[in-house]
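Please read this briefing alongside the sequence and the three-dimensional model shown here. It is arranged by topic, and each term is given its cut-offs where it comes up.

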Amino acid sequence: YQRAELRNKEIGFIFQAFNLIGDLTILENVALPLSYRKMKKKERVEMAMTCLEKVNMSDRASYYPSQLSGGQQQRVAVARSLVVDPSILLADEPTGNLDRHTAEAIQELLQSLNDRVNTAFIVVTHDIEFAAQAGNTYHLTDGRLELD
């Protein structure tokens with residue numbers, strides 16, 4: 001229970017496959033992590049809308065994931081990861097399922113968020129150009145983590 005509570009309060013996750021729930025609206029998807037905090041619905045909705053605004057998706061709050069492009073779905077996934085105001089944000093190949101143009105837009109979004117929010121970003125990627133934008137880069141080679 002303590003680990004789950006720690007994850008919910010301190011760690012945000014962005015997945016390569018977005019992991020949005022298809023029968024929930026975008027707003028409901030973003031607010032979902034807050035439902036485990038015993039918050040009132042109005043407060044959850046306000047916080048979720050604030051995060052959707054950060055990723056320029058508030059105008060699509062009532063849409064469903066299937067109504068969005070891959071890049072838009074990833075923006076929603078980013079908003080969902082930020083809604084808990086995490087200390088650490090873990091991103092697993094956040095641009096892996098996107099075309100080059102959309103991937104660059106998500107990279108720019110993450111970079112701008114990294115400059116604005118008080119959160120440590122840890123991004124796992126095979127994209128050398130994306131990795132080059134990071135402050136510190138590590139390589140995992142034969143099970144060993146090495147500073148670049």
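The points below cover salt bridges, a hairpin with its surface patch, selected buried residues and backbone angles.

This is a predicted model, in which local features need pLDDT of at least 70 and side-chain atom pairs count only at pLDDT 80 or more, while totals for chains, interfaces and linings use all residues. Residues are numbered from 1 along each chain as its sequence is written, and side-chain values use heavy atoms, with hydrogens and water left out. Helices (H or I, at least four residues) and strands (E, at least two) are DSSP runs numbered from the N terminus. Buried stands for under 20% relative accessible area, exposed for over 50%, and partly exposed for values in between (1.4 Å probe, protein chains only).

**Salt bridges**

- The search of the whole structure gives 3 salt bridges, a salt bridge being a side-chain nitrogen of Lys or Arg within 4 Å of a carboxyl oxygen of Asp or Glu.
- Glu5 and Lys9 are joined by a salt bridge with an N to O distance of 2.9 Å, and because these two residues are 4 apart in helix H1 (residues 2-10), about one helical turn separates them.
- Both partners of that pair are described as partly exposed, Glu5 with a relative accessible area of 31% and Lys9 with 39%.
- Asp59 and Arg60 form a salt bridge in which the closest N and O atoms are 2.8 Å apart; Asp59 is exposed at 54% relative accessibility, whereas Arg60 is partly exposed at 23%.
- Between Asp127 and Arg100 there is a salt bridge with an N to O distance of 3.0 Å. This pair links distant parts of the chain, 27 residues apart, with Asp127 in the loop between strand E3 (120-124) and helix H6 (128-132) and Arg100 in helix H5 (residues 100-116).
- Asp127 counts as buried at 14% relative accessibility, while Arg100, at 41%, counts as partly exposed.

**The E4-E5 hairpin and its nonpolar patch**

- Strand E4 (residues 138-141) and strand E5 (residues 144-147) run antiparallel and are joined by 4 bridges, where pairing requires that DSSP find at least two bridges between the strands.
- Across this pairing, His139 stands opposite Glu146 in E5.
- The two strands form a hairpin with 2 residues between them, and Asp142 in the turn has a positive phi of about 50°.
- Asp142 is exposed, with a relative accessible area of 77%, and its C-alpha lies 21 Å from that of Ala132, although the two are 10 residues apart in sequence.
- Tyr138, Leu140, Leu145 and Leu147 make up a nonpolar patch on the surface with about 500 Å² of accessible area together, and the elements that give two or more residues to this patch are E4 and E5.
- Patch members have over 30% relative accessible area and no salt bridge, with like charges joined within 9 Å and nonpolar side chains (Val, Leu, Ile, Met, Phe, Trp, Tyr) within 5 Å; the areas come from the Shrake-Rupley method with a 1.4 Å probe, and for residues only the protein chains shown count as cover.
- Tyr138, found in strand E4, is partly exposed, with a relative accessible area of 48%.

**Buried polar and charged residues**

- Gln72 is located in helix H4 (residues 70-82) and counts as buried at 18% relative accessibility.
- Leaving aside residues up to four places away in sequence, Gln72 touches Met57 and Arg60, a contact being heavy atoms within 4.5 Å.
- The side chain of Gln72 also reaches the backbone nitrogen of Ser69 at 2.9 Å.
- Glu93, in the loop between strand E2 (88-92) and H5, is buried at 10% relative accessibility.
- With residues up to four places away in sequence again not counted, Glu93 touches Gln16, Val124, Thr125 and His126.
- Glu93 and Ile14 are 79 residues apart in sequence, yet their C-alpha atoms are 8.3 Å apart in space.

**Positive phi angles**

- Most residues other than glycine have a negative phi.
- Phe18, which is not a glycine, has a positive phi of about 70°; Phe18 lies in the loop between strand E1 (11-14) and helix H2 (26-31) and counts as buried at 11% relative accessibility.
- Asp85 has a positive phi near 50°; Asp85 is found in the loop between H4 and E2 and counts as exposed at 60% relative accessibility.

Technical notes
A polar contact is a pair of N or O atoms within 3.5 Å; within protein, one must be able to donate a hydrogen and the other to accept it, and residues adjacent in sequence count only if both atoms are side-chain atoms.
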